[in-house]
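Please work through the exercises below with the sequence and the model open beside you, and try each task before reading its solution.

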Amino acid sequence: MLCELYLSAPYATCYDNEGDDEGGRDDDSRTDDTAQTDDQAAGEDRQGGDRGAQSAGQRTFTQEELNKFLADDRRKHQKKYETLEASYQQLLENQSLSKEERKKLEESLENLRAQYRTKEQQAAHERKKLEEEYQERLGEVEKRAELWQNRYTDSTIERSLQDAAVAHESFSPSQIITLLKPQTKMVEKTGEKGKGLGEYEPMVDFADIDLETGAPLMTRRTPEEAVKRMKELPHLYGNLFKSGVVSGIGGNSSTGNLAPGANGQIDVRKLSPTQYREIREKNPELLGLKPKRGR
């Protein structure tokens, strides 16, 4: 019995080892084969990728083709932009739009245009917009300045004419203002050499007459001088001043019924000797006579 067990142990051991050796060799063989297959597959993939890259690298575009692609893309976007812009402009032509609706459409149109402008175009647009805003504000300032200048001019002229009319005893200063204001303007004062002094005063372009020849004469006078000259021409303006009233004729009224007449003179047939002497002394023009040289 012992002899059999002794003899069987090496046999079993030998059998097991032989099986293990064979199994080990099989596994190692399979592992080596699998690794070799994977390496081959990877190599083929790399070769395939290289061939694909080489194939893709062989397809290149010329500059002309690239320019064509870019031009086509620009035309496509330009057409889309023009269509949208035309739509906004058509909507803005609607007169029934409210102020808010019109403002929103204008803002949307401006945003659309800004998207399709180049940097240079956008800069030029912004510069133009700033210039327009500046001109608009400048126009408003100039209008306000002109308004206040006109008010100051009118006030100064009217005041100077009124003061002159009151100083020379006009019946109605407003009549003097009405007659002389259209011919009155602000004129800059000048120095000895004719250089402007930067100060302005009202001056009247007065339609005068030459007493020697009776010819019309245009003169430039201050308001006070112009009103004084009007008073010296009673056959034209005598009814505007209190001194033009002839005592005893029409009682406290102007010489309107007697002078000026059809020829700008008083009808002497209606005067008493005393009245004639008084008028001849004070207002010889009413009688058709020339004033004394000393007057």
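Three exercises on a predicted model follow, each with a worked solution.

**Exercise 1.** Find out which elements give two or more residues to the largest nonpolar core.

*Solution.* Begin with the core itself, which has 17 residues, and in which Ile176, Leu180, Phe206, Met230, Tyr237 and Phe241 have the most contacts. Next, look for the elements behind it: α4, α5 (173-180), β2 (196-209) and α6 (223-231) each give two or more residues. Finally, single out α4, which gives the most to this core, with four residues.

**Exercise 2.** Determine which parts the salt bridge between aspartate 205 and arginine 220 ties together.

*Solution.* First check the pair, whose closest N and O atoms are 3.0 Å apart, which falls within the 4 Å that a salt bridge requires. Then place the partners: because aspartate 205 lies in strand β2 and arginine 220 in strand β3 (residues 216-221), the pair ties together parts that are 15 residues apart in sequence. As a last step, consider exposure, where aspartate 205 is partly exposed at 24% relative accessibility and arginine 220 is partly exposed at 43%.

**Exercise 3.** Decide whether aspartate 208 is buried or exposed, and trace the salt bridges around it.

*Solution.* The relative accessible area of aspartate 208 is 4%, so this residue is buried, the limit being under 20%. Its salt bridge with arginine 221 has its closest N and O atoms 2.8 Å apart, and the pair joins strand β2 to strand β3. Following the links further gives a network of salt bridges made up of Asp208, Arg221, Arg229 and Glu232.

Notes. Residues numbered from 1 in each chain as written. Predicted model: local features only at pLDDT ≥ 70, side-chain atom pairs only at ≥ 80, totals over all residues. Heavy atoms only, no water. Core = buried A, V, L, I, M, F, W, Y, C linked by side-chain atoms within 4.5 Å. Buried < 20%, exposed > 50% of the residue type's maximum accessible area, 1.4 Å probe, protein only. Salt bridge = Lys/Arg side-chain N within 4 Å of Asp/Glu carboxyl O.
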